[in-house]
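Grab your viewer and work through a few short exercises. Try each task before you read its solution.

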Amino acid sequence: MPLHIAVIICTWNRAASLGVTLKSLREQQLPAGTDVEFIVMDNNSSDATRQTVEAAQASWPVGRLHYLFEGRQGKQFALNSGIAFARSLGCNLLLFSDDDILFPVHWCRQSAEFFADPTVMLVGGKTLLDWPPTGAPVWFHRNMSAILAGVDLGDTRLDHPDATYAPAGSNMAARAELFDLVGGFSETHFRHMDYEFGQRCMRRGVHVVYEPNWVVKAPVDPHLLTKRYFRRWSLKAGISPWQDMQAGIRHFAWVPVWLYRQLVQDMLAWLIAPARGESPATRFLRELRIWRAWGTIASRWMSKLRPAAYPAWVQARSQKRQNVY
């Protein structure tokens, strides 16, 4: 069956960066006989997102560029609507990325090569950070890259990677039929829905691959380079309802005992870090682990003790305002 590729980009109130992203997609190379649909999912934007896409459509040089509006706030809704639309067009290979990503011209062509093996169902690649001229702040640690959408697991291809792996939504590809097998993105997850989807695939025994040579770049927005943003992102990353309790692990008040222990150890180590001469980056990395642990603890308590209020509590901490948490 000939490949029919869909590139799905979800966006919300980032018309300027979306315009740059679309510009980097204009020259995509395709295998011979391959059709491609570029689908921009507008997730309830109030800026010039629609006008940005319509301006690009007027002279779009490769495949077709589509604009769709999804009024339900939440990336998971936009993703699932984009998948449904792509499949209605007959697309059998779906590529996912974000509205602030830059692509090499061979990105689409490479993705097709990865699925030459008919057993491969889901592929993730690298997302390298593209720093502003000022560079990284002194408190930035390389282990914080995920906060800025960075993904780099090294230069070795991982076929059937570790069970904790999940492709990141900034650079991911899936066969359309995978969504019949495992379902779409969870519409109850207002954060890290790509990780939940990837983990669901891993549990189902799906053939997943990490491809280190499939690379995109994520320009770093200087407005995100604040400790406040990193703290709030880390708290959000820890959110987990009490139903996520794992069998075989000791819990107290719906939280793993080891997490309480880690939290106390990290707090003590954070307090004495200056006396030990710990670098600002290492100390702040430890602080972010404290925020993430608190996100887990607070969400476990909230989901158990106030279940009716929990969805709104999660949504309030998972949606960006003016593009920051």
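Here come the exercises, each with a worked solution.

This is a predicted model, so local features need pLDDT of at least 70 and side-chain atom pairs count only at pLDDT 80 or more, while totals for chains, interfaces and linings use all residues. Residues are numbered from 1 along each chain as its sequence is written, and side-chain values use heavy atoms, with hydrogens and water left out.

**Exercise 1.** Work out where Leu-93 sits and what it touches.

Step 1: place it. Leu-93 belongs to strand β4 (residues 93-98); strands are DSSP runs of E, at least two residues, and helices are runs of H or I, at least four, numbered from the N terminus.

Step 2: check the cover. Leu-93 has a relative accessible area of 1%, so it's buried (buried is under 20%, exposed over 50%, partly exposed in between, with a 1.4 Å probe and protein chains only).

Step 3: list the partners. Leaving out residues up to four places away in sequence, Leu-93 touches several residues, including Leu-3, Ile-5, Phe-115 and Ala-174; contact means heavy atoms within 4.5 Å.

Step 4: look along the chain. Ala-176 is 83 residues from Leu-93, yet their C-alpha atoms are separated by 5.6 Å.

**Exercise 2.** Compare the settings of the salt bridges Arg-50 to Glu-54 and Arg-157 to Glu-211.

Step 1: get the definition straight. A salt bridge is a side-chain nitrogen of Lys or Arg within 4 Å of a carboxyl oxygen of Asp or Glu. The whole structure has 18 of them.

Step 2: take Arg-50 and Glu-54, at 3.0 Å, N to O. They're four residues apart in helix α2 (residues 49-57), so about one helical turn separates them. Arg-50 is partly exposed at 44%, and Glu-54 is partly exposed at 38%.

Step 3: take Arg-157 and Glu-211, at 2.7 Å, N to O. Arg-157 is in the loop between β5 and β6 (158-159) and Glu-211 is in strand β8 (residues 208-219), so the pair ties together parts 54 residues apart in sequence. Arg-157 is partly exposed at 40%, whereas Glu-211 is buried at 7%.

**Exercise 3.** Which residues share a network with Glu-278?

Step 1: find a bridge. The side chains of Glu-278 and Arg-286 form a salt bridge at 2.9 Å, N to O.

Step 2: follow the shared partners. Salt bridges join Asp-266, Glu-278, Arg-286 and Arg-289 into one network.

Step 3: check the cover. Glu-278 is buried, with a relative accessible area of 19%.
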